[in-house]
Amino acid sequence: MIRPKTEEEIELLRINGELVSKTLAEVGKLVAPGVTTAKLCEVAETFIRDHGAIPSFKGFDGFPAALCMSVNDVVVHGFPSDRPLEEGDILSVDCGTLYKGYNGDSAYTFPVGEVDAETRKLLDVTKASLYKGIEAAVAGNRTGDIGYAVQSYAESFGFSVVRELEGHGVGRKMHEDPGVPNYGRRGHGARLVDGMTICIEPMICAGGRGVYIAKNGWAVHTADHKKAAHYELTVVVRKGRAEQLSTFDYIEKDGSIKF
């Protein structure tokens, strides 16, 4: 059942959104060639717990870590490891928190050092497609309007959209209805109503849209092993304009990432 949240619930989701946003910024400060994703995950977990919250991904359906750390051709759900990051890699960091019974969820794809022009374009287009989706997340629209906005923008640059994974509602549970695909048709899907809280998270591939799951049962790779990018924000559906509960400002405006 899809249930709009009360303003009190939205405030608790906002607190979680702030925490995941700040956690991603703490991670971003350290992303560099030679750093391991295991170390970055350790920093994030400490930061989350020091702020009185729980890293909600850790133990979720058996997932072993506080963050999903997905490098290059791993779209999502990668495990942290002791392999040092290399110049030119990209790293998707997906972060979840649980605080006062509500969840936060956000993701950002970081360039590692200098990346080539095509990779930079992939990152820019994927993030821009997220904001296109947010523009469509208004009361009276449907989830298909969000998916269409993401898909049409990303595909106009020659990139492809993963179909097997999608965004989702969020609240007391990390994943709630409705599902929010990154492709679709205008006017189709669940109707968006004022007060719904959803995570929009484009997963865009430099090559084809085919994916497969690794033997560990979690990491989702591109079938052609070309890079994929992933950005995610939590929003409240409102009349006229969606309201963001998480933000990239701590990463980009506070200097974790230089453009």
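Let's start with a pair of strands: β4 (residues 90-99) and β5 run antiparallel and are joined by 10 bridges. Bear in mind as you look around that this is a predicted model. The two strands form a hairpin with 2 residues between them, and K100 in that turn has a positive phi of about 55 degrees. For one concrete rung of the ladder, look at L98, whose bridge partner in β5 is N103.

Now stay with β5, which spans residues 102-111. Is this strand mostly covered or not? It is mostly covered, with 10 of its 10 residues buried. Its side chains go two ways: Y102, G104, S106, Y108 and F110 point to one side, N103, D105, A107, T109 and P111 point to the other, and all of them are buried. N103, the bridge partner of L98, belongs to the second of these sets.

Next, move along the chain to the helices. Two packed helices are described by the angle between their axes and the distance between the axes. Here, helix α3 (residues 117-135) packs with α4 at an angle of about 150 degrees, and the axes are 8 Å apart. An angle over 145 degrees counts as roughly antiparallel, so α3 and α4 are roughly antiparallel to each other. The crossing of α3 past α4 is right-handed. On the α3 side, the contact is made by V125, A128, S129, K132 and G133, while α4 brings I146, A149, V150, Y153 and A154. Sort those residues by character and you get 7 nonpolar, 2 polar and 1 charged.

One of the α4 residues in that contact, I146, is worth a stop of its own. The helix around it covers residues 143-155. I146 is buried, with a relative accessible area of 0%. What does I146 touch, leaving aside residues up to four places away in sequence? The list is G133, A136, A137, V180, L192, I198 and I200. As for A136, it sits 10 residues from I146 along the chain, and the C-alpha atoms of the two are separated by 5.2 Å.

Finally, go back to α3 and look at its other neighbors. This helix lies across β10 and β13, running at about 35 degrees to β13. Those two strands belong to an open sheet of 3 strands in the order β6-β10-β13, with antiparallel pairing. The edges are β6 (160-161) and β13 (228-230), each of which pairs on one side only. Strand β10 (residues 203-205) pairs with β13 over 3 bridges in the antiparallel sense, and M203 finds its bridge partner in H230 of β13.

Key. Residues numbered from 1 in each chain as written. Predicted model: local features only at pLDDT ≥ 70, side-chain atom pairs only at ≥ 80, totals over all residues. Heavy atoms only, no water. Helix = DSSP H or I, 4+ residues; strand = E, 2+ residues; numbered from the N terminus. Buried < 20%, exposed > 50% of the residue type's maximum accessible area, 1.4 Å probe, protein only. Contact = heavy atoms within 4.5 Å. Axes fitted to C-alpha atoms, helices over the stretch in contact; angles between N-to-C directions. Parallel < 35°, antiparallel > 145°, perpendicular 65-115°, else oblique. Left-handed = near helix turned anticlockwise from the far one by under 90°. Nonpolar A, V, L, I, M, F, W, Y, C, P; charged D, E, K, R; others polar. Pairing = 2+ DSSP bridges.
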